[in-house]
Amino acid sequence: MTDVMHGTPVPPVTHEAEEQSEEALARALATGRTPDGTADHEALWDALDDAAAGGKRVRPHLLTTVYGALGGTEPHIAAEVAAGVELLHTALITHDDVVDGDTVRRGRTNVVGTFAARARAGGADPRRAARYGDTAGILVGDLALAGAVRTVALCGAEPAVVYRLLETLDRALCVTVAGELTDARLALGGRHDVAESLRTAEHKTAVYSFQLPLELAAILAEAPEGVVDALARYGAHVGLAYQLRDDLDELYADHGGTGKDPASDLRGGKWTPLVAYARSTPAWSEIAPLMGDPTVGDGALQHVRDVLVTCGARQYVEDLVADLVREGREAVAHLPVAPVLAEWADTVAADTRRAA
């Protein structure tokens, strides 16, 4: 799952809305703690606090800014739902770290890495320590997921609205986790085309990162169904562009402050649209041996970067991002909220070649 927008700022949100969302998230995180919790209970909740810290809060910001632009009049309720969306994101990226075998997130040791290190310090062998780290990652993700549902369910909206919110959240979660499994299946090998890799990117990221916050904002603001549908189309297009931009940034952007490993997708054999396009060109023979190789170093990574440029894969994805952003803007051009969404689209479309 995508974590943050690399190298580009998040469109501004009012200080009050940001503060309300952060306060709501803090309350949600505190809810699960009990005075008589065991040491393990406290360790898991401390880890959840840490996992939820940092990041650019893309999804809560999108929800609250669009809710306000749609004329929403109960920002405190929107803040609660935004906190629930951020907890969902925390759950998904924590589980994703287990799936991918990653021990770093946002430039620091993640849940898996932290608990594995504790186990090694206590004398456990590397295999058992890694298993312990994965266990903690799964459990912390479970707590975050339960917290997401609880926070939305108790947001304070009318019961009929809450029902729609939870129904929308559930639908997005089902699509996202299926997309995660598809991503893992594609990494097993075989021939996969660009269309399938694009569907996977949409399901893994666009649905919960863009469509979900937008639909929740519209439901809370009691917008007409036509508005909800238009926002969903915008979310599908711009959300996919967001994931494609992240794929490009992972390889080409300045990673000074992102905490991302630029070789992680290559080492994990991830079938991104960049790779899928290259598979259709003669240059594939230069990339194929490196797919899924955990020993890929800086020299091999730079070679792959160069090959993706010369075979046209990078330009293909850059052009696709531009097309998706344009289609997203067109989907909502008739809505009063279009200027706000145009700013988000422009942020996603920011060209990584400036930082390459």
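**Charged pairs, a capped helix and two unusual loop residues**

A search of the whole structure, which is a predicted model, finds 22 salt bridges. Side chains of opposite charge can pair when their charged atoms come close. A good place to begin is the salt bridge between Arg-27 and Glu-80, whose closest N and O atoms are 2.4 Å apart. This pair links distant parts of the chain, since Arg-27 belongs to helix α1 (residues 15-31) and Glu-80 to helix α4, 53 residues apart. The two partners can be told apart by their surroundings: Arg-27 is partly exposed, with a relative accessible area of 44%, whereas Glu-80, at 15%, counts as buried.

Helix α14 (residues 313-331) offers pairs of another kind. Here Glu-318 and Arg-314 lie four residues apart, about one turn of the helix, and their side chains meet in a salt bridge with an N to O distance of 3.5 Å. Both Glu-318 and Arg-314 are buried. Arg-314 also lies over the face of Tyr-252, at 3.9 Å from the ring centre. Further along in α14, Glu-330 and Arg-326 are likewise four residues apart and so separated by about one helical turn. The closest N and O atoms of their salt bridge are 3.4 Å apart, and Arg-326 counts as partly exposed at 40% relative accessibility. Elsewhere, salt bridges join several residues into a network made up of Asp-100, Glu-180, Asp-183, Lys-204 and Lys-270.

What, then, does a buried charge without a salt bridge have around it, as in the case of Arg-305? Arg-305 sits in helix α13 (residues 298-310), and the nearest side chain of opposite charge, Asp-298, is 6.7 Å away. A polar atom of the Arg-305 side chain does, however, lie 2.5 Å from the backbone oxygen of Leu-251. Setting aside residues up to four places away in sequence, Arg-305 touches Leu-251, Tyr-252 and Pro-262.

Another set of contacts centres on Glu-286, found in helix α12 (residues 284-287). The side chain of Glu-286 makes a polar contact of 3.0 Å with the side chain of His-303. Beyond its neighbours within four places in sequence, Glu-286 is in contact with His-303 and Val-307. Glu-286 and Val-307 are 21 residues apart along the chain, while their C-alpha atoms are separated by 7.7 Å. With a relative accessible area of 38%, Glu-286 is partly exposed.

Helix α5 (residues 111-121) can be followed from one end to the other. At its N-terminal end, Asn-110 acts as a cap, with a side-chain oxygen 3.2 Å from the backbone nitrogen of Val-112. The buried residues of α5 are Val-111, Val-112, Gly-113, Phe-115, Ala-116 and Ala-119, and what covers them includes α2 (39-52), α4 (75-100), β2 and α6 (126-153). Arg-118 lies over the face of Phe-115, at 4.7 Å from the ring centre. After α5 comes Gly-123, whose phi is positive, near 105°.

Positive phi values also appear in residues that are not glycine. Arg-106, with a phi of about 55°, lies in the loop between β1 (104-105) and β2 (108-109). Glu-222, whose phi is near 55°, is placed in the loop between α8 (194-220) and α9 (225-252). Are these two loop residues buried or exposed? Arg-106 counts as buried at 15% relative accessibility, whereas Glu-222 counts as exposed at 65%.

Notes
Residues numbered from 1 in each chain as written. Predicted model: local features only at pLDDT ≥ 70, side-chain atom pairs only at ≥ 80, totals over all residues. Heavy atoms only, no water. Helix = DSSP H or I, 4+ residues; strand = E, 2+ residues; numbered from the N terminus. Buried < 20%, exposed > 50% of the residue type's maximum accessible area, 1.4 Å probe, protein only. Lys NZ or Arg CZ within 6 Å of the ring centre and 35° of its normal. Contact = heavy atoms within 4.5 Å. Polar contact = N/O pair within 3.5 Å; in protein donor to acceptor, adjacent residues only side chain to side chain. Lys, Arg positive; Asp, Glu negative; His and termini not counted. Salt bridge = Lys/Arg side-chain N within 4 Å of Asp/Glu carboxyl O.
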